[in-house]
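Colleague: Got a minute to walk me through this one? I have the sequence and the model open side by side.

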Amino acid sequence: MGALPVFRWRLAPDGYATRRQLRARGLRPGGQCVAAQLERPRRHRGPLVAYLYRLDLAKPVRPMTPGRWAALAKANAARRTCPACRRDAGYVISTSLGTCVPCAYPDPDGSEGSTPHG
């Protein structure tokens with residue numbers, strides 16, 4: 001296979017789209033290889049690159065099944081559960097903290113339950 005065609009930013013011909021553009025149209029690459037790339041020049045660094053896929057080879061996005069919805073809900077619940085106290089934090093726990101905020105920064109006075117939202 002030869003080198004990919006390279007287009008300047010915003011100058012790609014019709015018939016190509018990025019992954020985000022495909023998704024906005026309800027499509028996915030569907031196993032096809034990258035067909036071309038866009039390059040946006042930057043000062044003092046390498047260019048920004050976006051990969052393009054052919055629209056005529058794109059396939060429809062697979063619909064969400066009940067099993068996929070359940071798996072997504074389980075994964076999101078795991079991201080909200082604090083590994084230290086095992087409570088649902090109500091938000092996705094930051095990977096930099098690794099625990100919920102009360103576990104990461106315990107109250108030195110020991111009055112954990114004194115917050116107004118409970």
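Colleague: Let's start with Thr-99: buried or exposed?

Modeller: This is a predicted model, and in it Thr-99 counts as buried, at 17% relative accessibility. The cut-off for buried is under 20%, so Thr-99 falls in that class.

Colleague: Where is Thr-99 found?

Modeller: In the loop between helix 2 (66-80) and helix 3 (101-104).

Colleague: And what does Thr-99 touch, not counting residues up to four places away in sequence?

Modeller: Cys-82, Pro-83, Ala-84, Ile-93 and Ala-104. With Ala-104 there is also a polar detail: the Thr-99 side chain reaches the backbone nitrogen of that residue at 3.4 Å.

Colleague: Staying around there, where does Val-101 lie?

Modeller: Val-101 lies in helix 3. It's partly exposed, with 40% relative accessibility. Its C-alpha atom is 9.3 Å from that of Cys-82, and those two residues are 19 apart along the chain.

Colleague: OK, switching to the sheet. What order do the strands come in?

Modeller: The order is 1-4-5-2, four strands in an open sheet with mixed pairing. Strand 1 (6-8) and strand 2 (16-17) are the edge strands, each pairing on one side only.

Colleague: How many bridges join strand 4 to strand 5?

Modeller: Five, and those two strands run antiparallel. To find the pairing by eye, take Glu-39 and look for Val-49, its bridge partner in strand 5.

Colleague: And how many join strand 2 to strand 5?

Modeller: Two bridges, again with the strands antiparallel; strand 5 covers residues 48-54. There, Ala-17 has Tyr-53 as its bridge partner.

Colleague: Remind me what holds paired strands together, in general?

Modeller: Strands of a sheet pair through backbone hydrogen bonds, and they can be parallel or antiparallel.

Colleague: Which residues make up the largest nonpolar core?

Modeller: Five residues: Ala-17, Leu-22, Tyr-53, Leu-55 and Ala-58. Ala-17 and Tyr-53 are the bridge partners I just mentioned. As a general point, nonpolar side chains in soluble globular proteins tend to be buried together.

Colleague: What is Leu-22 in contact with, leaving aside its neighbours within four places in sequence?

Modeller: Its contacts include the core members Ala-17, Tyr-53, Leu-55 and Ala-58. Leu-22 is also in contact with Leu-27, Arg-28 and Pro-29.

Colleague: Next topic: how many aromatic pairs does a search of the whole structure find?

Modeller: One. Phe-7 and Tyr-16 form it, with 5.9 Å centre to centre and 50 degrees between the planes, and the pair is tilted.

Colleague: Why does that pair count as tilted?

Modeller: Because 50 degrees is neither under 30, which would be stacked, nor over 60, which would be edge-to-face. Tyr-16 itself is partly exposed, with a relative accessible area of 25%.

Colleague: What about charges, how many salt bridges are found in the whole structure?

Modeller: Two. In one of them, the side chains of Arg-54 and Asp-56 meet at 2.7 Å, N to O. Arg-54 is partly exposed at 33% relative accessibility, whereas Asp-56 is exposed, with a relative accessible area of 55%.

Colleague: And which residue forms a salt bridge with Asp-88?

Modeller: Arg-80, with the closest N and O atoms 3.4 Å apart. Arg-80 is partly exposed, and its relative accessible area is 26%.

Colleague: Last one, backbone oddities. What's the phi of Arg-10?

Modeller: Near 70 degrees, so a positive value in a residue other than glycine. Most residues other than glycine have a negative phi. Arg-10 lies in the loop between strand 1 and strand 2, and it counts as exposed at 75% relative accessibility.

Colleague: And His-44, what is its phi and where does it lie?

Modeller: His-44 has a positive phi of about 65 degrees, and it is not a glycine either. You'll find it in the loop between strand 4 (36-40) and strand 5. His-44 counts as exposed, at 84% relative accessibility.

Methods:
Residues numbered from 1 in each chain as written. Predicted model: local features only at pLDDT ≥ 70, side-chain atom pairs only at ≥ 80, totals over all residues. Heavy atoms only, no water. Pairing = 2+ DSSP bridges. Phe/Tyr/Trp six-rings, centres within 6.5 Å; stacked < 30°, edge-to-face > 60°. Buried < 20%, exposed > 50% of the residue type's maximum accessible area, 1.4 Å probe, protein only. Core = buried A, V, L, I, M, F, W, Y, C linked by side-chain atoms within 4.5 Å. Contact = heavy atoms within 4.5 Å. Salt bridge = Lys/Arg side-chain N within 4 Å of Asp/Glu carboxyl O. Polar contact = N/O pair within 3.5 Å; in protein donor to acceptor, adjacent residues only side chain to side chain.
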